[in-house]
Amino acid sequence: MLAAQHHRSIVSMLGSLAHGGLFADTVGSTRVALLTGSQNTAGRKENMLLAASGEAGIVIGTHALIQDKVQFADLGLVVVDEQHRFGVEQRDALRQKASSAPHVLVMTATPIPRTVAMTVYGDMEVSTLRELPGGRKPISSHVVSGEKTHWIARMWERVAEEAAQGNQVYVVCPRIGSEDDPDLEAPGGPGEPIAVGPDESAPCTRSIK
């Protein structure tokens with residue numbers, strides 16, 4: 001899904017410059033190819049050919065890009081979004097598809113320990129995006145205690161209210177159920193799971209956007 005979103009965004013930003021080799025192309029335009037494992041065989045082969053021939057100057061994809069059969073005509077820049085989803089050897093495999101060392105940009109907004117360690121000790125030049133994209137609505141975050149069942153009921157009412165107005169609501173639960181570890185008790189105490197959604201039992205953080 002993320003790869004498809006990036007593909008749509010870049011094609012939209014480039015406009016006619018993304019139509020290289022097509023009827024609507026302009027001088028200096030190129031193709032933007034999308035390669036994912038969920039594509040059908042014909043679509044995957046077409047995009048692999050666009051990448052290998054150089055007809056596609058920009059190739060966007062998932063882990064499918066690191067498959068042995070995927071080749072690039074002249075790989076000069078590698079951008080890895082959500083880099084914590086890629087292992088060290090996977091990122092190396094992508095870099096090795098270039099005839100000479102390409103420029104590499106890794107991106108993440110997830111402060112997991114490995115990402116922090118790479119940023120601090122990985123001999124990287126760090127760029128920080130401190131502003132939200134233009135037009136982004138402010139986000140309101142609230143912590144709802146699972147110990148107060150009437151708060152849970154009101155939370156879902158507010159979710160419905162915001163959704164009815166066309167807004168987005170994200171519910172973040174730190175733990176789903178207690179069956180994975182019998183030594184862990186549900187937030188409401190032994191035998192008292194807190195109903196916060198279908199088959200779930202954990203206090204939630206609610207963000208309204």
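**The whole chain**

Select the protein chain: 27% of its 209 residues count as buried. Keep in mind that this is a predicted model. The average pLDDT of the chain is 78. A score of at least 70 is reached by 81% of the residues.

Now colour by secondary structure. You should find five helices and seven strands. Follow them along the sequence, and the pattern reads α-β-α-β-β-α-β-α-β-α-β-β.

Next, show the surface. About 14200 Å² of the protein chain is exposed. Carbon and sulfur atoms supply 55% of that area.

How far apart in sequence are the residues that touch? Take the contacts between residues at least 6 apart in sequence: 58% of them join residues at least 24 apart.

**A stretch to treat with care**

Select residues 184-209. Here pLDDT stays under 50. The model still has 84 contacts beyond four places in sequence for this stretch.

**The nonpolar cores**

Which residues have the most contacts inside the largest nonpolar core? Select L35, L65, V70, F72, L75, V78 and L94. The whole core has 14 residues. Highlight helix α2 (41-53) and strand β3 (77-80) as well: each supplies at least two residues of this core.

Zoom in on L75. Look past the residues up to four places away in sequence. L75 then touches L94, K97, A98, S100 and P102. One of these partners, L94, is also on the list of core residues with the most contacts.

Now move to a second core, separate from that one. It has five residues, among them A3, A18, V32 and L34.

**Strand β2 and A56**

Select A56, which is found in strand β2. Is A56 buried or exposed? A56 is buried, because its relative accessible area is 7%, below the 20% cut-off.

Show what surrounds A56. Neighbours within four places in sequence are left aside here. The contacts are T30, R31, A33, L50 and A51. Pick A33 from that list and draw a distance between the two C-alpha atoms. They are separated by 6.0 Å, although A56 and A33 are 23 residues apart along the chain.

**Salt bridges**

The whole structure holds six salt bridges. Start with R31, which was among the contacts of A56. Which residue does R31 pair with in a salt bridge? The partner is E55, and the closest N and O atoms are 3.2 Å apart.

Why does this pair tie together distant parts of the sequence? R31 sits in strand β1 (residues 31-35), while E55 sits in the loop between α2 and β2 (56-61), so the salt bridge joins parts that are 24 residues apart. Compare how the two are covered. R31 counts as buried, at 16% relative accessibility. E55 counts as partly exposed, at 37%.

Now jump to helix α5 (residues 149-164), which holds both E161 and R158. Select that pair. E161 and R158 form a salt bridge, with the closest N and O atoms 2.8 Å apart. They are three residues apart, about one turn of the helix. Both are partly exposed: E161 has 31% relative accessibility, and R158 has 22%.

Keep R158 selected and add E162. Their side chains also meet in a salt bridge, at 2.6 Å from N to O. R158 and E162 are four residues apart in helix α5, again about one turn. E162 is buried, with a relative accessible area of 9%.

Widen the selection once more. Salt bridges that share partners join R154, E157, R158, E161 and E162 into one network.

**A nonpolar patch on the surface**

Turn the surface back on for the last stop. Which residues make the nonpolar surface patch of about 340 Å²? Select L77, V79, L105 and M107.

Finish on M107. M107 lies in the loop between β4 (103-106) and α4 (113-121). Its relative accessible area is 32%, so M107 counts as partly exposed.

Key: Residues are numbered from 1 along each chain as its sequence is written. This is a predicted model: local features need pLDDT of at least 70, side-chain atom pairs count only at pLDDT 80 or more; totals for chains, interfaces and linings use all residues. Side-chain values use heavy atoms; hydrogens and water are left out. A nonpolar core is a set of buried Ala, Val, Leu, Ile, Met, Phe, Trp, Tyr and Cys residues joined through side-chain atoms within 4.5 Å. Buried means under 20% relative accessible area, exposed over 50%, partly exposed in between (1.4 Å probe, protein chains only). Contact means heavy atoms within 4.5 Å. Patches are made of residues with over 30% relative accessible area and no salt bridge: like charges are joined within 9 Å, nonpolar side chains (Val, Leu, Ile, Met, Phe, Trp, Tyr) within 5 Å. Accessible areas come from the Shrake-Rupley method with a 1.4 Å probe; for residues, only the protein chains shown count as cover. A salt bridge is a side-chain nitrogen of Lys or Arg within 4 Å of a carboxyl oxygen of Asp or Glu. pLDDT is the predictor's confidence in each residue, from 0 to 100.
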